[in-house]
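Dear colleague,

I am handing over the structure that you will be working with, and below it I set out what was found there. Please read the notes alongside the sequence and the model.

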Amino acid sequence: MKFTIDVLGIFLKVVVRVNKVTFAPLVVSTLFILLTSLLAHCARRLVQKTIKEPFIRLLLEEAIAAAELCGCCFELIIVADNFGVATYAIYLFALTIWWSLNWGDATACPYTHIEDIIEGRGDIRKAFIKTWAELAGGILVFKYVQMYWALEISETHKNKAFEDCTADLQVPALYGAIVEGVATCLCRLASRSLSDLNPRYSTAIDSFIGTSLVVAAFDYSGGYFNPVLATSLKAGCEGHTLMEHAMVYWLGACAGSVLSVYLYKLPVIQKYVRGTTEVNGDSIWADKED
């Protein structure tokens, strides 16, 4: 607790100094994202050192990962609204790489557990429990975000802590579900291919593909591709019903994920993956010489 208070104190001092003459909203948002990532990293290390039972440790890591994901993405909404989608994309690209390198076995995403069930690597009970852990982390983190926004350190945070939210869905729910489903499917196919091909910089390539798909879907469904993230940020917001929200962000994304499992097994895709790994490529391939 004392460590957390010290970190918050240092953070606020930095923010005050940065904004002593004039507020710098993007710097404030950046510092908040860095603080959130630091606190999550410390919490993750604490869990890894103190919790010995593997499944309980994984549940806590899932909750922490979901809290970090949603906490950062709440602030990314501020970034997108005030500095444009291009700036948002740069931040998301960097954060996705950070998450890939630090989350370990946690995914903060329910449909990955469905994929595990289909492929015989998991069971329904554990998938359900992990999903609840992720939802808990994603929903509870808003109180932390709200506390920060209520300080109104910069102009971009004024009245944000308690204002009514609006949905990002800009198309009919069915179209939104298709957008989320197709983009999720493509994202998962890319991740699976990169995992098998194992090129150098695969994490950066995966992040670039995911970020590009988010930007492509931004003006249609918001480009969430993660039911927990969408629920934390947009469930109950004005602009869609809870049923429409579930259809777009839960059913759509999960259907796309499940479809990717079966599409990836198609001979044409497997032939491409196996054929690529057998051909000596350029320097992006981790296990090949130039």
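Glu 152 is partly exposed, because its relative accessible area is 29%, and this residue forms a salt bridge with Lys 158, in which the closest N and O atoms are 3.7 Å apart. Lys 158 is likewise partly exposed, with a relative accessible area of 38%. Elsewhere, salt bridges that share partners join Glu 115, Asp 116, Glu 119, Arg 121, Arg 188 and Arg 192 into one network. Please keep in mind throughout that this is a predicted model.

The count of salt bridges comes to nine. One of them brings together the side chains of Arg 44 and Glu 68, with an N to O distance of 2.6 Å, and this pair links distant parts of the chain, since Arg 44 belongs to helix H2 (residues 25-50) and Glu 68 to helix H3, 24 residues apart. Are these two residues, Arg 44 and Glu 68, buried or exposed? Both Arg 44 and Glu 68 are buried.

A further salt bridge is the one in which the side chains of Arg 188 and Glu 115 meet, at 2.7 Å from N to O. This pair, too, links distant parts of the chain, with Arg 188 in helix H6 and Glu 115 in helix H4 (residues 111-118), 73 residues apart. Arg 188 and Glu 115 are both buried. As a general matter, side chains of opposite charge can pair when their charged atoms come close.

Turning to the cysteines, the structure holds one disulfide, which joins Cys 165 to Cys 237 with an S to S distance of 1.9 Å. The disulfide is left-handed, because the torsion about the S-S bond of Cys 165 and Cys 237 is about -105°. Cys 165 lies in the loop between helix H5 (124-150) and helix H6 (173-197), while Cys 237 lies in the loop between helix H8 (227-234) and H9, so the pair ties together parts that are 72 residues apart in sequence. As for how far the two partners are covered, Cys 165 counts as partly exposed because its relative accessibility is 30%, whereas Cys 237, at 3% relative accessibility, counts as buried.

Why does Cys 72 not form a bond with Cys 73? The sulfur of Cys 72 is 6.8 Å from the closest cysteine sulfur, the one in Cys 73, and that is too far for a bond. Cys 72 is buried, with a relative accessible area of 0%. Much the same reasoning applies to Cys 254, whose sulfur is 7.4 Å from the closest cysteine sulfur, in Cys 109, and therefore too far away for a bond; Cys 254 is buried as well, at a relative accessible area of 13%.

Next comes helix H8, which is mostly covered, as eight of its eight residues are buried. Among the buried residues of H8 are Pro 227, Thr 231 and Lys 234. Which elements cover the buried residues of H8? The cover includes H3, H4, H5 and H9.

On the surface, Leu 174, Tyr 175, Ile 178, Val 182 and Leu 186 form a nonpolar patch, and together they have about 490 Å² of accessible area. Val 182, one of the residues of this patch, lies in helix H6 and counts as partly exposed because its relative accessibility is 47%.

You may also wish to look at Arg 57, which lies in helix H3 (residues 54-102) and, at 22% relative accessibility, counts as partly exposed. Leaving aside residues up to four places away in sequence, Arg 57 touches Val 47, Gln 48, Ile 51 and Lys 52. The C-alpha atoms of Arg 57 and Val 47 are separated by 6.5 Å, although the two residues are ten apart along the chain.

Finally, a word on confidence. The mean pLDDT of the protein is 89, and 87% of its residues reach 70 or more. Confidence is lowest in helix H1 (residues 2-18), at a mean of 58, and highest in helix H9 (residues 242-264), at 97. Over residues 279-290 the pLDDT is below 50, and this stretch has 19 contacts in the model beyond near neighbours in sequence. Where pLDDT is low, the predicted coordinates should not be read in detail.

With best wishes

Conventions: Residues numbered from 1 in each chain as written. Predicted model: local features only at pLDDT ≥ 70, side-chain atom pairs only at ≥ 80, totals over all residues. Heavy atoms only, no water. Helix = DSSP H or I, 4+ residues; strand = E, 2+ residues; numbered from the N terminus. Buried < 20%, exposed > 50% of the residue type's maximum accessible area, 1.4 Å probe, protein only. Contact = heavy atoms within 4.5 Å. pLDDT = per-residue confidence, 0-100. Disulfide = S-S within 2.5 Å. Salt bridge = Lys/Arg side-chain N within 4 Å of Asp/Glu carboxyl O. Patch = residues over 30% accessible without salt bridge, like charges linked within 9 Å, V, L, I, M, F, W, Y side chains within 5 Å. Areas by Shrake-Rupley, 256 points an atom, 1.4 Å probe, with all protein chains shown as cover.
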